[in-house]
Amino acid sequence: MARSPTRSQSGSTDDYLRAFGELAQKIRGGQSFSGRERNCAFLNTGDGRFADVSAVTGLDFDDDARGLATSDLDGDGDADIVLSNRTAPVVRVLRNDMALASTNRLVVQLAGTSCNRDAIGARVSVQVGGRRASQTVVAGDGFLSQSGKALIFGLGAEQVVERVLVRWPGGGGKEEEFSGVGVNRVWKLVQGAGRAVPVERPVLAAVTAAPTVVPPAGEAVRIRLFQPLPVPTGLVYRDLSGREQPLAAAWSQGPVLINLWATWCAPCAAELQELASLQSDLRLLPLSVEQLSDDPPAPSAEAVHAFLAARGLADHGGWATRENIAAFDQLVRDAVYHHLQMPLPASFLVTQEGRVAVIYKGRTTAAQVRRDLATLNAGTAQSMAAAVPFPGRWARATTFASHPAAVARAFLEAGEPLEAESHLKKFIASQADPATEQSRRQRVEVMTLLAETSRLRSAWVAAEQCAREALQYQPTHIPAVFELAQAQAAQSHIDQALATLRPLCQAGPARLDALDLSADVQLAAGRPAAAAADWRAALSLNPKFIPALHKLATLLTGSVEASLRQPEEALRLATFLLSAPGARQQPVFLASGAAAYAACGRFPEAVALQTDAVRRLGGAGQAAAFAIQLRNLQAYRDGQLPSSVQRP
């Protein structure tokens, strides 16, 4: 694993980003930071060495552990442990029940008065038996972890606390001594008080350990989506007569199970025979994926008819297209992080609204599909219960219980801007004018998000009004400034939009993004030279700013203004962009590089990059872009420039 660079100017930044990208791909492929390594625990032996006590303490779990925090959870004066894992179980609570009769303890809680209330940074020293032990109150003491702020001191057989000294943060190094401290108690030390106050810890209810239930291993995986994903529009399949049919017609009258299968797949054959019993419940549309393979070729329509008829499915069937398989494969990738390859069989339960609610990787059963069909229109609680594959409880009784923007953002991520807008408007209508700083911040966030939802449905006047209201409460709120500028530009108020962005373009943390948006506005207004100037200004601040690299390279490759066409410079920018981690996995960057090579007359390199771009677009379910880039690829193969790329 690459170490994080210590300075932004470090020459190891590129290596770090490359290594981090490779690490992310390994995790997505199912690998772990530490593989099948068991947890380790080490005991300080007091002589400068440590002993491995992993097994004897019972801490050597075969988990993919990440965070660790300690605190006296049960009030008995010793440190209990909470572990968080990347995989199940997500949390382990380990109660410390080591019976050490001869060991005394001391627990102190600090309260700041002139320093911060939690006394973060305070240093506590306890002197017993002529020895001195010290601890510091910290905020965050491990990876994504925060232990309890009470400090626990083990005193061994010592029964008298000689001195307790506290060096408070911001106190100039002076120590305050506290009197009245005894062993085996919890004491509160208030800054400036000089005397400890005993604290009675509440008695916690007994907690019974829950057994870890490991689900049975198998090839079949069912994924119930709490927020169904929309199927891309425009997909078609070929029926058994060879005619193209819109895939959306399959669910126009109600839910449908789209089943991907092949005649050579034995589990597919058994599954199809069982799924035939579902025809009284929903329309069944089996799609063969065998056409995707060059060897062997797809079976004939007669062979598919016979295969399906033998399993009670004579009136259904067809062949999937590459776009079908790519689109559904992308849906699985959107739903789960770890997905390597679409298996056969694979099925998708689609609602009448055209959204995938359940994904079945591998063979499923008619009974399972019937159960899932019954919960498609269930309420929130029932949908949650159906989506979680293990028993448990939710941390909150309702989803997104506290913040209206969180609910709206979830709607936006699900592709439902109207629902997001409706929720935000209901919140605004239910609230009085914000009087506190917290309520004003919330109003700013809500109005900015409301401007975004209006922009997504091209309601530019409403977007401008919402952004202006947000800026009335917080004139420097950067997201609202961006929303206002975009709304102004969309209404052809170009100079107003540029004036809105100008302060951000000159200084501040959003300077790069502001220059990028300013360039977009200039280009849309027919001012390519001004757009190029903004992108060059962004690159002068950060030569690795990806949006400017890509857009400037595209502009210099195919600008309608001959004075701006600089193919050699465009090629330099495009090749530099493609050297960034993960850039070669983006079809749009590959296509930009191919266009630059073609503009320079280097068609073999253009064909190589464009071929990769077309292959990746075909795997992303983008039919329109796929067709355009496929035409460009053919032009490069013919040694010609497409109309979008001008020769200098």
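Among contacts in the protein between residues at least 6 apart in sequence, 55% join residues at least 24 apart. The structure is a predicted model. The protein has 20 helices and 21 strands. Of its 648 residues, 40% are buried. The exposed surface amounts to about 35000 Å². Carbon and sulfur atoms supply 54% of that surface.

Aromatic pairing was examined next. A pair of aromatic rings is described by the distance of the centres and the angle of the planes. A search of the whole structure finds 3 aromatic pairs. One of them joins tryptophan 168 and phenylalanine 178. Their ring centres lie 6.4 Å apart, and the planes meet at 65 degrees. This geometry is edge-to-face. Tryptophan 168 sits in the loop between strand 10 (163-167) and strand 11 (175-178). Phenylalanine 178 belongs to strand 11. The two residues are 10 apart along the chain, and the pair links distant parts of it. Both tryptophan 168 and phenylalanine 178 are buried.

Tryptophan 261 and phenylalanine 307 form another pair. The ring centres are 5.1 Å apart and the planes lie at 5 degrees, so this pair is stacked; the cut-off for stacking is an angle under 30 degrees. Tryptophan 261 lies in strand 17 (residues 256-261), whereas phenylalanine 307 lies in helix 4 (residues 301-309). The pair therefore ties together parts that are 46 residues apart in sequence. Tryptophan 261 counts as buried because its relative accessibility is 0%. Phenylalanine 307 also counts as buried, at 13% relative accessibility. The limit for burial is under 20%.

Helix packing was examined for helices 15 and 16. Helix 15 spans residues 528-541, and helix 16 spans residues 546-558. Their axes come within 9 Å and cross at roughly 145 degrees. The crossing of helix 15 past helix 16 is left-handed. On the side of helix 15, the contact is made by Pro528, Ala532, Trp535, Arg536, Ala538 and Leu539. Helix 16 contributes Ala548, Leu549, Lys551, Leu552, Leu555 and Leu556. The residues of this contact comprise 10 nonpolar and 2 charged, with no polar ones. The charged residues are Arg536 in helix 15 and Lys551 in helix 16.

Conventions:
Residues are numbered from 1 along each chain as its sequence is written. This is a predicted model: local features need pLDDT of at least 70, side-chain atom pairs count only at pLDDT 80 or more; totals for chains, interfaces and linings use all residues. Side-chain values use heavy atoms; hydrogens and water are left out. Axes are lines fitted to C-alpha atoms, for helices over the stretch in contact, and angles run from 0 to 180 degrees between N-to-C directions. Helices (H or I, at least four residues) and strands (E, at least two) are DSSP runs, numbered from the N terminus. A crossing is left-handed if the near helix is turned anticlockwise from the far one by less than a right angle, and right-handed if clockwise. Contact means heavy atoms within 4.5 Å. Buried means under 20% relative accessible area, exposed over 50%, partly exposed in between (1.4 Å probe, protein chains only). Accessible areas come from the Shrake-Rupley method with a 1.4 Å probe; for residues, only the protein chains shown count as cover. Rings of Phe, Tyr and Trp (its six-membered ring) pair if their centres lie within 6.5 Å; planes under 30 degrees apart count as stacked, over 60 as edge-to-face and the rest as tilted.
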